[in-house]
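Hi,

Here is the structure I promised to send over. Please have a look at it first, and then read on for my notes.

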Amino acid sequence: MYEVDVAFQSSSKYKVTSLNHEVNIDFPKPDGSIDGITPPALLLASLGSCVAVYVERYLNAAKIKFDGFRINVKSDICKESPHYLKVIDIRVELKGTDLDARRREALVEFVKNCPVHNTLVYKPTVNISL
């Protein structure tokens, strides 16, 4: 089971704790300053890091040598209500390897097994209680 705790710190600031790790959450102030990552950016970070795990697993299992890679994930929030991330674009930049079309397609299909990706695709039930 995965579990996180979110604790109020001060106006629009929260501390997220999971196991022995902490992340500071914040929203930009009117002057644009911010002291942490925003919740939507944290969701994109979760998706991007899950994709990264699956990229690495695929490359290692296929014995494809690489010098590294970067994952860029971006999205905009819908301006109208309900507000949500409407389109999420993920770009994988491989370093030190050049995959042919067949391998690229196989990598993309493998990466779609990432649980965070599947959670977004299959729309989980979300229960909120007080």
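Let me begin with the sheet. It is open and has three strands in the order β1-β2-β3, with antiparallel pairing. At its edges are β1 (5–10) and β3 (21–25), each of which pairs on one side only. From one strand to the next, the twist averages 25°. Please keep in mind throughout that this is a predicted model.

If you zoom in on β1 and β2 (residues 13–18), you will find that these two strands pair in the antiparallel sense over five bridges. One position to look at is V6, whose bridge partner in β2 is V16.

Next comes the helix α1, which covers residues 39–61. It has 23 residues and reaches 33 Å from its first C-alpha to its last, close to the 33 Å expected at 1.5 Å a residue. Just after α1 comes K63, where phi is positive, near 55°.

Which residues of α1 are buried? They are L44, L47, G48, C50, V51, A52, Y54, V55, Y58 and L59. As a reminder when you look at that list, an α-helix has 3.6 residues a turn, so residues three or four places apart point the same way. And what covers the buried residues of α1? The cover includes two strands, β4 (68–77) and β5 (85–95), together with two helices, α2 (101–111) and α3 (115–122).

One of those buried residues, C50, deserves a paragraph of its own. A search of the whole structure finds one disulfide, and C50 forms it with C114, the sulfur atoms being 2.2 Å apart. The link is right-handed, with 130° about the S-S bond. Because C50 lies in helix α1 and C114 in the loop between α2 and α3, the pair ties together parts that are 64 residues apart in sequence.

How accessible are the cysteines? C50 has a relative accessibility of 10%, and since the cut-off for buried is under 20%, C50 counts as buried. Its partner C114 is buried too, with a relative accessible area of 0%. C78 also belongs among the buried residues, at 9%.

That is what I have for now. Do write back with any thoughts once you have had a look.

Best wishes

Terms used:
Residues are numbered from 1 along each chain as its sequence is written. This is a predicted model: local features need pLDDT of at least 70, side-chain atom pairs count only at pLDDT 80 or more; totals for chains, interfaces and linings use all residues. Side-chain values use heavy atoms; hydrogens and water are left out. Two strands pair if DSSP finds at least two bridges between them. Helices (H or I, at least four residues) and strands (E, at least two) are DSSP runs, numbered from the N terminus. Axes are lines fitted to C-alpha atoms, for helices over the stretch in contact, and angles run from 0 to 180 degrees between N-to-C directions. The expected span of a helix is 1.5 Å times one less than its number of residues. Buried means under 20% relative accessible area, exposed over 50%, partly exposed in between (1.4 Å probe, protein chains only). Contact means heavy atoms within 4.5 Å. A disulfide is a pair of cysteine sulfur atoms within 2.5 Å.
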